[in-house]
Amino acid sequence: ISWTLELLLERGGLAQDQQKKLEDAYKSNRSLVNLVADLLVLSKIGKISIKEEEMDLVSEIESIIGRMRAAYPAVSFYFEKESFPLLLRTNKSLAMQVFFNLITNAAEYSDNKAGTVSIALRGESDGYLFSVENNGLTILPEDQPKIFSGFFRAANAVERKERGTGLGLFIVKMIGDHFGWRISFQSPGTGGDGAIFYV
């Protein structure tokens, strides 16, 4: 369906109302695709048979940032990292979903005119600490207790991005809990901008 709609939109020659209907159909279809993808990720969590492999977190996060720079050319990305590999043995696809979701959220909800996303990854005595911070939407005090709830989307996030599954941060928390990772965030709530998430 996506491919057919893309083809029709690329061909052009449509009346304005036809173009609008096709664009709406395409956006709705992408939302459904994203929902199915999120639900598939959720279905994997807790499965005993999930394969583990060793990976370097530094290079994997650099790869995600490269994709984000292409997808969000107006946003400036900064990555503060160790000068040596940070190896982790876990299920790669689930682990990368955590970092991908957090970095994507930071980019999508950064400042409209001069968006910045600052990412840090460092080794500590008891593990690794990852953080991602943006300069965009704050998380309002009334929304903060619900931020990791399934299908929840804050009102100011809906204003910025009309369509979304409301599962991104829920998936982050579910995977984090499954791995025994600590997931948290800070946001000024009022009188400030942005948010910072920690893993």
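This passage describes helix α3, residue Met55, the largest pocket and residue Phe151 in a predicted model.

Local features were accepted at pLDDT of at least 70 and side-chain atom pairs at pLDDT 80 or more, while totals for chains, interfaces and linings use all residues. Residues are numbered from 1 along each chain as its sequence is written, and side-chain values use heavy atoms, with hydrogens and water left out.

Helices (DSSP runs of H or I, at least four residues) and strands (runs of E, at least two) are numbered from the N terminus. Helix α3 comprises 15 residues, 57–71. From first to last C-alpha the helix reaches 21 Å, close to the expected 21 Å, the expected span being 1.5 Å times one less than the number of residues. Buried residues (under 20% relative accessible area, with exposed meaning over 50% and partly exposed in between; 1.4 Å probe, protein chains only) in α3 are Leu57, Val58, Glu60, Ile61, Ile64, Ile65 and Met68. These residues lie on the same side of α3 because they cover an arc of only 165° around the axis, taken from the directions from the helix axis to the C-beta atoms. Their packing partners, by contact (heavy atoms within 4.5 Å), are β1 (53–56), β2 (76–81), β3 (87–90), α4 (92–108), β4 (116–124) and β5 (127–134). The N-terminal end of α3 is capped by Asp56, with a side-chain oxygen 3.2 Å from the backbone nitrogen of Val58.

Met55 is located in strand β1 and counts as buried, at 4% relative accessibility. Apart from neighbours within four places in sequence, Met55 is in contact with Glu60, Leu86, Leu87, Leu88, Thr90, Lys92, Ala95 and Met96. His178 is 123 residues away from Met55 along the chain, and their C-alpha atoms are separated by 18 Å.

Pockets were located on a 1 Å grid over the protein atoms alone, as open sets of points where a 1.4 Å probe fits, with protein on both sides within 12 Å along at least five of seven lines; lining residues have an atom within 4 Å of a point. The volume of the largest pocket, the space filled by probe spheres set on the points, is about 1200 Å³. Its lining consists of 44 residues, and Asn105, Glu108, Tyr109, Lys161 and Gly168 lie nearest the centre. Two or more lining residues come from each of α2 (16–44), α4, β5, α5 (155–160) and α6 (168–179). Helix α4 gives the largest share, ten residues.

Phe151 lies in the loop between β5 and α5. At 56% relative accessibility Phe151 counts as exposed, and its phi is near 65°, a positive value in a residue other than glycine.

Definitions and conventions:
Polar contact = N/O pair within 3.5 Å; in protein donor to acceptor, adjacent residues only side chain to side chain.
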